[in-house]
Amino acid sequence: MNLQLSRLTRNYAVLKLNPKAAIPFWLQQEMFVSITRTDEELSIVMDQDLIGDHIDELQGAEVFKGFGGLKVKGPLDFSLIGILAEISGTLSEVGISIFAISTFDTDYIFLSQENMDQAIKALESKGMIIE
């Protein structure tokens with residue numbers, strides 16, 4: 001599988017809030033934001049630079065900063081099999097954990113910025129192309 005990925009240029013944060021928390025209105029202006037609500041949590045992935053401006057509105061949130069991102073070039077057909085398995089398996093071999101998000105068109109992989117260079121080398125060693 002010749003996967004092509006692009007490196008996202010921003011730094012991201014992953015937040016966990018109470019499942020009944022309101023979704024911050026200012027996130028509607030973001031270029032990349034992922035919001036998932038379950039019975040157990042409200043999970044948000046967002047540009048970490050915005051947190052400083054809105055930290056008072058995020059009271060009670062668990063905030064994890066310092067994530068970089070990779071985007072699988074898409075759109076991907078729903079019949080494709082094993083894309084995330086290929087990426088996560090490769091990174092697992094070198095001890096790098098990921099936070100994956102899938103959208104209608106593609107997949108996003110978030111990992112610690114400090115592991116990004118090692119991750120790119122590992123993925124490229126398996127024939128993946130990183131831009």
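**Exercise 1. Contacts of Glu-62**

Task: In this predicted model, find which residues Glu-62 touches, not counting residues up to four places away in sequence.

Solution.
- Step 1. Locate the residue. Glu-62 lies in strand β5.
- Step 2. List the contacts. Glu-62 touches Val-14, Leu-15 and Lys-16, once residues up to four places away in sequence are set aside.
- Step 3. Check one backbone distance. Leu-15 and Glu-62 are 47 residues apart along the chain, and their C-alpha atoms are separated by 5.5 Å.
- Step 4. Assign the exposure. Buried needs under 20% and exposed over 50%. Glu-62 has 40% relative accessibility, so it counts as partly exposed.

**Exercise 2. Leu-8 and two distances**

Task: Decide whether Leu-8 is buried or exposed, and state which residues it is in contact with beyond its neighbours within four places in sequence.

Solution.
- Step 1. Place Leu-8. It sits in the loop between β1 and β2.
- Step 2. Apply the cut-off. Its relative accessible area is 17%, so Leu-8 is buried.
- Step 3. Collect the contacts. Neighbours within four places aside, they are Gly-69, Leu-70, Lys-71, Tyr-108 and Phe-110.
- Step 4. Take a distance to Asp-105. Leu-8 and Asp-105 are 97 residues apart in sequence and 16 Å apart in space, C-alpha to C-alpha.
- Step 5. Take another, to Gly-60. Here the sequence separation is 52 residues and the C-alpha to C-alpha distance from Leu-8 is 28 Å.
- Step 6. Describe Gly-60 itself. It lies in the loop between α1 (51-54) and β5. At 74% relative accessibility, Gly-60 is exposed.

**Exercise 3. The aromatic pairs of Tyr-12**

Task: Count the aromatic pairs in the model, then classify the pair of Tyr-12 and Phe-32 and the pair of Tyr-12 and Phe-110.

Solution.
- Step 1. Set the rule. Ring centres must lie within 6.5 Å, and planes over 60 degrees apart count as edge-to-face.
- Step 2. Count. The rule gives four aromatic pairs.
- Step 3. Test Tyr-12 with Phe-32. The centres are 5.7 Å apart and the planes are at 75°, an edge-to-face pair.
- Step 4. Place these two rings. Tyr-12 is in strand β2 (residues 12-17) and Phe-32 in the loop between β2 and β3 (34-37), so the pair ties together parts 20 residues apart in sequence.
- Step 5. Check burial. Tyr-12 and Phe-32 are both buried.
- Step 6. Test Tyr-12 with Phe-110. The centres are 5.3 Å apart with the planes at 70°, so this pair is edge-to-face.
- Step 7. Place it. Tyr-12 in strand β2 meets Phe-110 in strand β7 (residues 107-112), which links distant parts of the chain, 98 residues apart. Both Tyr-12 and Phe-110 are buried.
- Step 8. Join the rings. Tyr-12, Phe-32, Tyr-108 and Phe-110 are linked by ring pairs into a cluster.

**Exercise 4. Two helices, two faces**

Task: Work out which residues are buried in α2 and which are buried in α3, and how each set is arranged around its helix axis.

Solution.
- Step 1. Recall the geometry. An α-helix has 3.6 residues a turn, so residues three or four places apart point the same way.
- Step 2. Read α2 (residues 83-93). Ile-83, Ile-87, Thr-90 and Leu-91 are buried. Down the axis of α2 they fall within an arc of 95°, so they line one face of the helix.
- Step 3. Turn to the other side of α2. Ala-85, Ser-92 and Glu-93 are exposed there.
- Step 4. Find the cover. The buried residues of α2 are covered by elements including β1 (4-7), β5 (62-72), β7 and α3 (116-125).
- Step 5. Read α3. Met-116, Ala-119, Ile-120, Ala-122 and Leu-123 are its buried residues. Their arc is within 165° seen down the axis of α3, so they too line one face.
- Step 6. Turn to the other side of α3. Asp-117, Lys-121 and Ser-125 are exposed.
- Step 7. Find the packing partners. The buried residues of α3 pack against β1, β5, α2, β7 and β8 (129-130).
- Step 8. Inspect what follows each helix. Just after α2, Gly-95 has a positive phi of about 75°. After α3 comes Gly-127, with a positive phi near 90°.

**Exercise 5. The largest pocket**

Task: Give the volume of the largest pocket, and find which element gives the most to its lining.

Solution.
- Step 1. State the volume: about 180 Å³.
- Step 2. Look at its centre. Of the 14 lining residues, Leu-76, Asp-77, Leu-80, Ile-83 and Asp-107 are the closest to it.
- Step 3. Assign the lining to elements. α2 gives the most, with three residues.
- Step 4. Sort by class. The lining of the largest pocket has seven nonpolar, four polar and three charged residues.

Key
Residues are numbered from 1 along each chain as its sequence is written. This is a predicted model: local features need pLDDT of at least 70, side-chain atom pairs count only at pLDDT 80 or more; totals for chains, interfaces and linings use all residues. Side-chain values use heavy atoms; hydrogens and water are left out. Rings of Phe, Tyr and Trp (its six-membered ring) pair if their centres lie within 6.5 Å; planes under 30 degrees apart count as stacked, over 60 as edge-to-face and the rest as tilted. Helices (H or I, at least four residues) and strands (E, at least two) are DSSP runs, numbered from the N terminus. Buried means under 20% relative accessible area, exposed over 50%, partly exposed in between (1.4 Å probe, protein chains only). The arc is that of the directions from the helix axis to the C-beta atoms. Contact means heavy atoms within 4.5 Å. On a 1 Å grid over the protein atoms alone, a cavity is a set of points where a 1.4 Å probe fits but cannot get out, and a pocket is an open set with protein on both sides within 12 Å along at least five of seven lines; lining residues have an atom within 4 Å of a point. Grid points are joined across faces, edges and corners, and a volume is the space filled by probe spheres set on the points. Ala, Val, Leu, Ile, Met, Phe, Trp, Tyr, Cys and Pro count as nonpolar, Asp, Glu, Lys and Arg as charged, and the others, Gly among them, as polar.
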